[in-house]
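Biologist: I've got a model open and I'd like to learn how to read it piece by piece. Can you walk me through it?

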Amino acid sequence: MEDFLSLELSELEGRIHELGQPRYRARQIFSWIHGRGVFRADEMHNLPGELRKRLAPLLSPLPVALEETLEAEDGTRKFRFRLRDGASIESVTIPEEKRTTLCVSTQVGCALGCLFCRTGRMGLRRNLRVEEILGQYYAIRSMSAGKTDLTHVVFMGMGEPLENLECTCRALKILTHPLGCGLSPRRLTVSTVGIPGPLEVLFHEIPVSITLSLNGADNETRSRLMPINRKHPIEEVLATLRRLPLAPRRRFTIAYVLIGGENDGLQDAQQLVRVLHGLRCKVNLIPFNPFPETELRGPKKADVTAFQEFLRSKGLSTHVRWSRGGDVLAACGQLSGDAL
Ligand code: SF4
């Protein structure tokens, strides 16, 4: 039963109980699978032999197989995994001085078709299953063991996490469970275009950090860059964020990809300040990384600086995040599996 990997602890307790075993066995198994990345029953040494035998056919190996790793000059690494049905997905690790962030995918492709995103050009093939989302973390964690700890996980790879809400929430809960991967929710970030209903569900299910991918400060610009804006315009998305009861000292992150001549002018910066007024947030400006199939271009450095300075002059905490891994197409918005 392949889905053992996708079960939250309470569900696993139920399954183990059905096998006539005490519930604490489920905690042991959960900890082997998610805490230590052991997927074979015969390696779960603290289980009685009889239970190991019964478990063996119920556990299956990771459903993601590493096919290729590319390393960029800046140390960013892109991993391509093949799934059992032949589809492929990509994940990225980004090393920094004191942390290593893993960026995972939640879908094969994406239906939302943002103009600046390579994944969006694939269309949606399918949602990832919980074990396929977690499998990216487990596979890369075991490869990095003893070298680098994965300190942060961002759901920012291929796909829109809120379009695969249930699997996203389950994966987040397992990643943060003390007997699972034990990551603090603060070290997990979900990046989203901001679909109001699912956004509220996610917020109330698990207190991870939320990044809103905004990229346009008026509806005309945002709809041009992100078709989903026609369905959920800026006011609706920001009103949703304003309603969410953020814990003290926490803020939302607003991601804004700066695209040359599209949304990087001073008037865009002024409008951005207006729409974000009163929202507890910081702004990450991400200069666009062109990819082979696009005619969009990156912003001029002077325009990036002017944009940032204007936001800061109006009291908005603003950082420029130069994308990493552009030479191996691992930067923000450049992931595509091998489907293009
Ligand atoms: S930016 Fe995100 S939501 Fe938009 S097309 Fe790409 S993966 Fe989908």
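Modeller: Sure. Keep in mind that this is a predicted model. Let's begin with the domains: the chain splits into domain 1 (2-58) and domain 2 (64-328).

Biologist: How many residues of domain 1 are in contact with domain 2?

Modeller: In general, the size of an interface is often given as the accessible area lost when the parts come together. Here we can count residues instead: ten from domain 1 are in contact with 15 from domain 2. Helix α2 (residues 23-36) gives the most to domain 1's side, with five residues. By class, that side has three nonpolar, five polar and two charged residues. As for the domain centres, taken over C-alpha atoms, 33 Å separate them.

Biologist: Next, the strands. In which sense do β1 and β2 pair?

Modeller: The general idea for a regular strand is that side chains alternate between the two faces of the sheet. In this case, strand β1 (residues 64-71) pairs with strand β2 (residues 77-83) in the antiparallel sense, over seven bridges. One partner to look up is F79 in β2, which is bridged with T69. Five residues sit between the strands of this hairpin, and G75 takes a positive phi near 95° there.

Biologist: And what does β2 do with β3?

Modeller: β2 and strand β3 (residues 88-95) are antiparallel too, with six bridges. R80 stands opposite E90 in β3. The hairpin of β2 and β3 has four residues between the strands, and G86 takes a positive phi near 95°.

Biologist: Let's move along the chain. Why is β10 largely enclosed by the rest of the structure?

Modeller: Because five of the seven residues of strand β10 (residues 252-258) are buried. Now look at its neighbours: strand β9 (residues 209-213) pairs with β10 in the parallel sense over three bridges, while seven bridges join β10 to strand β11 (residues 281-287), also parallel. T253 is a handy residue to click on: T253 is the bridge partner of T211, and K282 in β11 is the bridge partner of T253.

Biologist: What kind of unit do β10, helix α9 and β11 make?

Modeller: A right-handed β-α-β unit, with helix α9 covering residues 266-276.

Biologist: Last one: which residues surround the ligand?

Modeller: Select C110, L112, G113, C114, C117, T119, G120, M158, G159, E160, V193 and G333. Sorted by class, this shell has six nonpolar, five polar and one charged residues.

Note on methods. Residues are numbered from 1 along each chain as its sequence is written. This is a predicted model: local features need pLDDT of at least 70, side-chain atom pairs count only at pLDDT 80 or more; totals for chains, interfaces and linings use all residues. A residue is near a molecule or strand if its C-beta atom, placed from the backbone, lies within 6 Å of it. Ala, Val, Leu, Ile, Met, Phe, Trp, Tyr, Cys and Pro count as nonpolar, Asp, Glu, Lys and Arg as charged, and the others, Gly among them, as polar. A residue is buried if 20 or more other C-beta atoms lie within 10 Å of its own, exposed if 12 or fewer, and partly exposed in between; C-beta atoms are placed from the backbone. Helices (H or I, at least four residues) and strands (E, at least two) are DSSP runs, numbered from the N terminus. Two strands pair if DSSP finds at least two bridges between them. A crossover is right-handed if, with the strands pointing away from the viewer, the path from the first strand over the helix to the second runs clockwise. Domain bounds come from an automatic or database domain assignment. Two residues are in contact if their C-beta atoms, placed from the backbone, lie within 7 Å.
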